[in-house]
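This report describes the helices of a single chain, how they pack, and where selected residues sit. The sequence and structure come first.

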Amino acid sequence: MRSRLVAGVLATGAVACIVANVVITSRITASHGVPLPVTEWVYLVVALLLPALGWLLPTRRPELRYGWLLLVSALFLGLGLTGAGLSITGGAPVWLISPLSAIIAVFPGLNWIFLPLLFPEGRLPSRRWRAFAWISGIAIAVHTAGLLLSGYAVRQPMRVSESPLALFAVLSAASARAAWWRRWKSAAPGCPCARR
């Protein structure tokens, strides 16, 4: 019962932030006399699937880490893009915009590295991957802290991914995908991750 409440709060927060980002973007485009682009509506539909699936998994199977990871990444996506939108409009104080804009750096790390690495059972493929997971987590934390302390996320909110750790993120994501592929190819026939 408690997991349902926590999942509901996280999903509601993520949805609120994603919708707030669309509202902020529509105000920015309306101030320039341009209608909201179709890509923003596509983003809204796709982005709302993340908290929906993230809510569904923890409420049905709270022991799976995968659903919780989806919920947290959806929340970071919503918060980060809302911060970027507020940074462009100047609609909030810098002490609020800076952490919100910097937190967007966590979203790709969770989605590109940890989601494929933990898929489908919520565990690492083997013990050898623990060091990789720790290094990736530390790199994401250092990257986010660097963005926060440097103020880069406030000055250049839409270019957060262009940083020195972006190459590390791409290489880590490729390694996580390779681990997932290897696990999928070598799975026993009865395993949930086996090829069909």
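In this predicted model, what covers the buried residues of H1 includes H2 and H3. Those buried residues are Ser-3, Ala-7, Ala-11, Ala-14, Cys-17, Ile-18, Asn-21, Val-22, Ile-24, Thr-25, Ile-28 and Thr-29. An α-helix has 3.6 residues a turn, so residues three or four places apart point the same way.

**Overall composition**

The chain contains 8 helices and 0 strands, and its pattern along the sequence is α-α-α-α-α-α-α-α. Of its 196 residues, 43% are buried. Among contacts with a separation of 6 or more, 66% are between residues 24 or more positions apart.

**Helices H1 and H3**

Helix H1 covers residues 2-31, and its 30 residues should span 44 Å at 1.5 Å a residue; the end C-alpha atoms are 44 Å apart, which agrees. After H1 comes Gly-33, with a positive phi near 75°.

Helix H3 has 25 residues and reaches 36 Å from its first C-alpha to its last, close to the 36 Å expected at 1.5 Å a residue. Of these 25 residues, 19 are buried, so H3 is largely enclosed by the rest of the structure. Just after H3, Gly-90 also has a positive phi, in this case about 70°.

**Packing of H2 against H3**

Helix H2 (residues 38-60) and helix H3 (residues 65-89) pack at an angle of about 145°, and their axes are 7 Å apart. The crossing of H2 past H3 is left-handed. On the H2 side, the residues that meet H3 are Tyr-43, Ala-47, Leu-50, Pro-51, Leu-53, Gly-54, Trp-55, Leu-57 and Pro-58. The H3 side contributes Tyr-66, Gly-67, Trp-68, Leu-70, Leu-71, Ser-73, Ala-74, Leu-77 and Leu-81. By class, this contact has 15 nonpolar, 3 polar and no charged residues.

**Nonpolar cores**

Which residues have the most contacts inside the largest nonpolar core? They are Tyr-43, Leu-69, Leu-77, Val-106, Leu-110, Phe-114 and Leu-117, in a core of 31 residues. The elements that give two or more residues to this core are H1, H2, H3, helix H5 (106-118), helix H6 (130-150) and helix H8 (166-185). Apart from this core lies another one, of 6 residues, among them Ile-28, Ala-92, Ile-97 and Leu-100.

Two residues of the largest core, Tyr-43 and Leu-77, also take part in the contact between H2 and H3. Leu-69, also listed for the largest core, touches Leu-110, Phe-114, Leu-115 and Leu-118, not counting residues up to four places away in sequence.

**Selected residues**

Asn-21 lies in helix H1. Is Asn-21 buried or exposed? Asn-21 has a relative accessible area of 6%, which is under the 20% limit, so it is buried. Leaving aside neighbours within four places in sequence, Asn-21 is in contact with Glu-40, Tyr-43, Leu-81 and Thr-82. Tyr-43 and Leu-81 in this list are also residues through which H2 and H3 meet.

Leu-5, in helix H1, is exposed, with a relative accessible area of 60%. Leu-10 is found in H1 as well. With neighbours within four places in sequence left aside, Leu-10 is in contact with Trp-68, Leu-71 and Leu-75. Trp-68 and Leu-71 belong to the H3 residues that meet H2.

Pro-120 is placed in the loop between H5 and H6. With a relative accessible area of 22%, Pro-120 is partly exposed.

The table lists one C-alpha pair for each of these residues, with the separation along the chain and in space.

| Residue pair | Separation in sequence | C-alpha to C-alpha distance |
|---|---|---|
| Asn-21 and Leu-81 | 60 residues | 6.1 Å |
| Leu-10 and Pro-51 | 41 residues | 8.1 Å |
| Leu-5 and Thr-59 | 54 residues | 8.7 Å |
| Pro-120 and Tyr-66 | 54 residues | 7.6 Å |

For Asn-21, the partner in the table, Leu-81, is also one of its contacts. Pro-51, paired with Leu-10 in the table, is one of the H2 residues that meet H3. Tyr-66, paired with Pro-120, is one of the H3 residues in that contact.

Key: Residues are numbered from 1 along each chain as its sequence is written. This is a predicted model: local features need pLDDT of at least 70, side-chain atom pairs count only at pLDDT 80 or more; totals for chains, interfaces and linings use all residues. Side-chain values use heavy atoms; hydrogens and water are left out. Axes are lines fitted to C-alpha atoms, for helices over the stretch in contact, and angles run from 0 to 180 degrees between N-to-C directions. Helices (H or I, at least four residues) and strands (E, at least two) are DSSP runs, numbered from the N terminus. A crossing is left-handed if the near helix is turned anticlockwise from the far one by less than a right angle, and right-handed if clockwise. Contact means heavy atoms within 4.5 Å. Ala, Val, Leu, Ile, Met, Phe, Trp, Tyr, Cys and Pro count as nonpolar, Asp, Glu, Lys and Arg as charged, and the others, Gly among them, as polar. The expected span of a helix is 1.5 Å times one less than its number of residues. Buried means under 20% relative accessible area, exposed over 50%, partly exposed in between (1.4 Å probe, protein chains only). A nonpolar core is a set of buried Ala, Val, Leu, Ile, Met, Phe, Trp, Tyr and Cys residues joined through side-chain atoms within 4.5 Å.
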